[in-house]
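Open the model in your viewer and keep the sequence panel in sight. The stops below say what to select and what is there.

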Amino acid sequence: TIGKAQAGDDISEQIGTVGYRLRWKQKGRARDEWYDIVVKPETTVAELDRLVCRFTTLDDFHLRMYGLEDEYLESSLNVLPDHQYEQAGDRSDTKASEMTVAEVAERGTLWEGDRLSLVYDFGTPSHYYCIVKEVYEPDEIDGVLDDSNVISSTETAAIVREKRS
């Protein structure tokens, strides 16, 4: 894995080509429960969303939207799951299947310690966020995803660790 200090000035060149371990938590429950999802640069936000929904109680009855840092309802990404985009999306929104982790990383210059956000239910919002815990070189990521201990996976992403109490 590549740390921020180790990457130095090369970070901007590497963003979009590296994989990430994202630790997802719900605000207010961060110490009780978290899930690490490893993603490749080509992982779509739709794939990430499928894995996030596997460990949360999020359903498709309420809107949810992904953003950078602590944006939540003020998301600059405006990424909605595909079926919600079809129902409620407008021209400023993006379908989750049309945005990759590499594109999100480039927009937010994502590196170790940075965050993404997720808001669920715009009326009475629940806030989720992830912290980038590790950055993986392109040749490292396949080994992490091929590990037999993964909890759940898609073609380019996997839940690799969890804490539930």
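The tour goes from a strand to its partners, then to a cavity, aromatic pairs and an outlying residue.

**Before you start**

This is a predicted model: local features need pLDDT of at least 70, side-chain atom pairs count only at pLDDT 80 or more, and totals for chains, interfaces and linings use all residues. Numbering starts from 1 along each chain as its sequence is written, and side-chain values use heavy atoms, with hydrogens and water left out.

**Stop 1: strand E2**

Select residues 34–39, strand E2. Helices (H or I, at least four residues) and strands (E, at least two) are DSSP runs, numbered from the N terminus. Buried means under 20% relative accessible area, exposed over 50%, and partly exposed in between, with a 1.4 Å probe and protein chains only. Here 6 of the 6 residues are buried, so E2 is largely enclosed by the rest of the structure. In a regular strand the side chains alternate between the two faces of the sheet. Show the side chains of E2: Trp34, Asp36 and Val38 lie on one side, Tyr35, Ile37 and Val39 on the other, and all are buried.

**Stop 2: the partners of E2**

Two strands pair if DSSP finds at least two bridges between them. Add strand E1, residues 19–26: E1 and E2 pair in the antiparallel sense over 5 bridges. Pick Tyr20; its bridge partner in E2 is Val39. Now add strand E9, residues 157–163, which runs antiparallel to E2 and is joined to it by 6 bridges. Ile37 stands opposite Ile159 in E9.

Stay with E1 and E2 for one more contact. The charged end of Arg23 sits over the ring of Trp34, 3.5 Å from its centre. The rule for this is NZ of Lys or CZ of Arg within 6 Å of the ring centre and within 35 degrees of the ring normal.

**Stop 3: the cavity**

Which residues lie nearest the centre of the largest cavity? Select Val45, Leu48, Tyr66, Val104 and Leu116, which are among its 14 lining residues. The structure holds 1 cavity of 30 Å³ or more, and the largest has about 100 Å³ of space. On a 1 Å grid over the protein atoms alone, a cavity is a set of points where a 1.4 Å probe fits but cannot get out; lining residues have an atom within 4 Å of a point.

Colour by element next. E1, helix H3 (45–55), strand E3 (64–68), helix H5 (101–108) and strand E6 (115–120) each supply at least two lining residues. H5 gives the largest share, 3 residues.

**Stop 4: aromatic pairs**

Rings of Phe, Tyr and Trp (its six-membered ring) pair if their centres lie within 6.5 Å; planes under 30 degrees apart count as stacked, over 60 as edge-to-face and the rest as tilted. The count comes to 2 aromatic pairs. Select Trp24 and Tyr66: they are edge-to-face, 6.0 Å centre to centre, with 85° between the planes. Trp24 is in E1 and Tyr66 in E3, 42 residues apart. Trp24 is buried at 1% relative accessible area, and Tyr66 is buried at 4%.

Move to Tyr35 and Phe55, a stacked pair: 3.9 Å centre to centre, 15° between the planes. Tyr35 lies in E2 and Phe55 in H3, so the pair ties together parts that are 20 residues apart in sequence. Tyr35 is buried at 2%, Phe55 at 14%.

**Stop 5: Glu13**

Finish at Glu13 in helix H2, residues 11–14. Buried or exposed? Glu13 is exposed, with a relative accessible area of 63%. Draw a C-alpha to C-alpha distance to Phe122: 36 Å in space, with the two positions 109 residues apart in sequence numbering.

Terms used
On a 1 Å grid over the protein atoms alone, a cavity is a set of points where a 1.4 Å probe fits but cannot get out, and a pocket is an open set with protein on both sides within 12 Å along at least five of seven lines; lining residues have an atom within 4 Å of a point. Grid points are joined across faces, edges and corners, and a volume is the space filled by probe spheres set on the points.
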